[in-house]
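Here's a quick briefing to read with the structure open beside you. Take a look at the model, then work through the points below.

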Amino acid sequence: MSRQLLTQDTSVSDVVADHQTLRKPKRRNIGLAFIAPFSVLFLFVFIVPIGYSAYISLFQNKLIGGKVFIWFDNYIKLFQDSQFYDGVIRVVLFTAIQVPIMLFSAIALALAIDSLRLHGSRFFRIIVFLPYAIPAIVSTLMWGFMLGIRYGLIGSLNKAAGTDFNPFAPETTMVSIGVMVTWGFTGYNMLIFYAALRAVPRELYEAAAIDGASEFQIVRHIKLPALRSSLIVTIIFSIIGTFQLFNEPNILTTLVSNSGITSYYTPNMYAYSLAFTGSQQGYAAALALVMAVFTIAIAYAVQIKGMKNAFNK
Amino acid sequence: MGDHDCAGDSWSQNIDTKEYAMPKKRLRAAAAIAASVVALAGCSNGGGSTSTNTEVPTDKPITLTVWSWDGTVKEAVAGFEKLHPNITVNVVNAGSSTDEYTALDNAIQAGSGVPDIAMFEYFSLPLFAIPGKLTDLSEFGAKDLASDYVEAAWGNVTIDGKPYGLPSDYGPAAMFYNQSVLAQAGVTAPPATWDEFYQAAKKVRALGGDHYITNDSADIFVLMSLMWEGGGRPFKVDGTNVTIDFKDPGSSRAVAFWQKLLDEDLVNTKITNWSDDWNRGLNEGTLATQLIGGWFTSTLPERAPNAAGNFRVAPLPQWEAGQTSGAENGGSAMAIPAAAQNKAAAYAFLKYFTHGDGLQSRIDAGAFVPNLSNLNNEKFLSTTNPFFGDQKYNQVLADASKNVATGWQYPPFFGWARTSYEDVSAPLYDSRQGTLAEVLETWKQRSIAYGNEQGFSVR
């Protein structure tokens, strides 16, 4: 098969080369015309907003005195801002704990559905996926009412058991948010894993069975290796998602008191409150850019690491 | 400038006369006519080219845009448009509070889309007035209206002696109390002093369970109304110079008192205002009182339908028996941005719905305004509602409005400071770390840092 492809490739490139030698300038223009719609969109949708953020991050917008160009002062201030670190450390810890739990559950569920030993697996699949279709705002309200200690489910359990457990105390709020996020995104990740498993040719399992492999061995040597590339993708998505934590804590502040959620609880919340209550748009832009670089760096590191392992295998 | 003749003033005279044509208002009608005469006299000087044209054009079509999250403003539009066929008024809700201020600031920076009139909470007016983003209404003769309002309300819109807006609604701090819960606890009369309030708090707490006299989840407005009423003036603003000090006698007394309530677990710190828990607490009577603005009359009935007939309104308890001091909790003004296009027409409408003939339609729609004409209006004062046991609650709130102590100032960056207070007070309210006095000290330090960074001189 690869041989066929190779020959096809050469013939195509030969033809292209012929044409290029004949009508070089015009072809180039046509090429530009073809990429123009994309380039324009790319420029305005991706490059310009980032460039503009970088631009305003060099200014301070004072209530008295207006806009002042301050070079990199916003960045210098940011790296000395304990509130910023407070939020960053919180989301990093959250990511380190919540993402593995969520992805592990998602893999387990995907394997269970893929095992073909489950009754009603289609129904099960939809039920697990359903929370993903519920907007974060609605799900936060729902969980807020459910975990609330005064009138919620936990309140009733506390009353029945005589305990005093509060899911929204400053020490436990992050765990509760972790539960909400896990609930919302496990199904989504499960679907990605399930799709990867479905792509494994069934013959492989038959061959393994004929060779006398147990179900556990099939999982370990065929199914898990097949999940590797989708695992990298889901890890990257999850890191990006959790670093941008905003909706859940932001809504909880209006729902429960004394939850320990401050205006700088997560970097996103901090950027929001800087821009909208402190009118420090420049500082917020600097924060946003630093967080973007930080997120990209971590996602990239995960990708490099994942790829390296894949090749070593 | 000066390209219109003085004809426009004749209608303003009409308005002024009509406005006070009600009985008992003769004296002020005379004053208003006198004021118009002054205005006419001023006009004959030929309107200097440096000041804004204060006459409303009658010959060209004008569209006014009003940003307001107060739903009653639109009630006044039809009447105004009838008086001014060439003017169309669009009332837009551009978001509440911070959302609107952000939008307004963006519009001012962009130099387009600036509304002709915008709504401001009293504490946010200095934020726009001090940097020169609002129109000084002195040039339209707004100063003459001062005596028509509760003194403290006029104080709210006056910065460095200049009026930058007209008061449009008012929130005198009051005590809403659940009569039957207090009676159950053995409190027969609503606490009239803070000492009585403290005693009542202990009795309510003795009912057991979740019964508390009130809730407080780091609501700075409650603490400030205690300071305000007792003569504390923690913020002093003079132009861009701001001083913050919570150590004056009135402020420290309020802080010490509230600390005592917190220490003795007499206030429910687990319930935040506007939450579902709050509604339930009010509904089932586990929250016996609320120290809150008079505007609470409009929302309490729907929040606590089960408590119908039990709630009453009383003045804020006093520091000394027999005193009649008061404070504010909320309220807002309407102002004209400096970048507005049709200032004269804007002022005409502004005055119409906050002071003139349009006011009544807003009052009928539920607005609580600090205009003395309304606070002395028998019909308004005798309003009753079965929810409040047919009490004449407006009488209580009108008295509370007139008793509001004057001289309170908000720092220009109060909108930011308010969010910051929630952050710094979180450890105290969440897990009882530190004291209220320490929280205020941290808050002060953060406000000083922020204020100076923003170009103010804060100490």
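Let's start on the surface of chain A, where a nonpolar patch covers about 980 Å². Keep in mind that this is a predicted model. From the patch, we'll move on to where the chains meet and then to the salt bridges.

**The nonpolar patch**
- The residues that make this patch are Phe38(A), Val40(A), Leu41(A), Phe42(A), Leu43(A), Phe44(A), Val45(A), Phe46(A), Ile47(A) and Val48(A).
- To place one of them, look for Val45(A) in helix H2 of chain A, which runs over residues 24-56.

**Where chain A meets chain B**
- People often give the size of an interface as the accessible area that is lost when the parts come together.
- Here, about 2600 Å² is buried between chain A and chain B, and carbon and sulfur atoms give 47% of that.
- Chain A puts 27 residues into the contact, while chain B puts in 33.
- How many salt bridges are there between chain A and chain B? The count is one, and it joins the side chains of Lys77(A) and Glu453(B), with an N to O distance of 2.8 Å.
- There are also 10 residue pairs in polar contact across this interface, counting pairs with both residues at pLDDT 80 or more.
- On the side of chain A that touches chain B, strand S1 (59-62) and helix H11 (247-255) are the elements that give two or more residues.
- S1(A) has the largest share of that side, with three residues.
- Sorted by class, that side of chain A has 10 nonpolar, 14 polar and three charged residues.

**Salt bridges**
- Side chains of opposite charge can pair when their charged atoms come close.
- Over all chains, the whole structure has 12 salt bridges.
- One salt bridge links Arg90(A) and Asp86(A), whose closest N and O atoms are 3.0 Å apart.
- Arg90(A) and Asp86(A) are separated by about one helical turn, because they sit four residues apart in helix H4 (residues 82-114) of chain A.

Note on methods:
Residues numbered from 1 in each chain as written. Chains lettered and ligands numbered in written order. Predicted model: local features only at pLDDT ≥ 70, side-chain atom pairs only at ≥ 80, totals over all residues. Heavy atoms only, no water. Patch = residues over 30% accessible without salt bridge, like charges linked within 9 Å, V, L, I, M, F, W, Y side chains within 5 Å. Areas by Shrake-Rupley, 256 points an atom, 1.4 Å probe, with all protein chains shown as cover. Salt bridge = Lys/Arg side-chain N within 4 Å of Asp/Glu carboxyl O. Contact = heavy atoms within 4.5 Å. Buried area = accessible area lost by both parts, 1.4 Å probe. Polar contact = N/O pair within 3.5 Å; in protein donor to acceptor, adjacent residues only side chain to side chain. Nonpolar A, V, L, I, M, F, W, Y, C, P; charged D, E, K, R; others polar.
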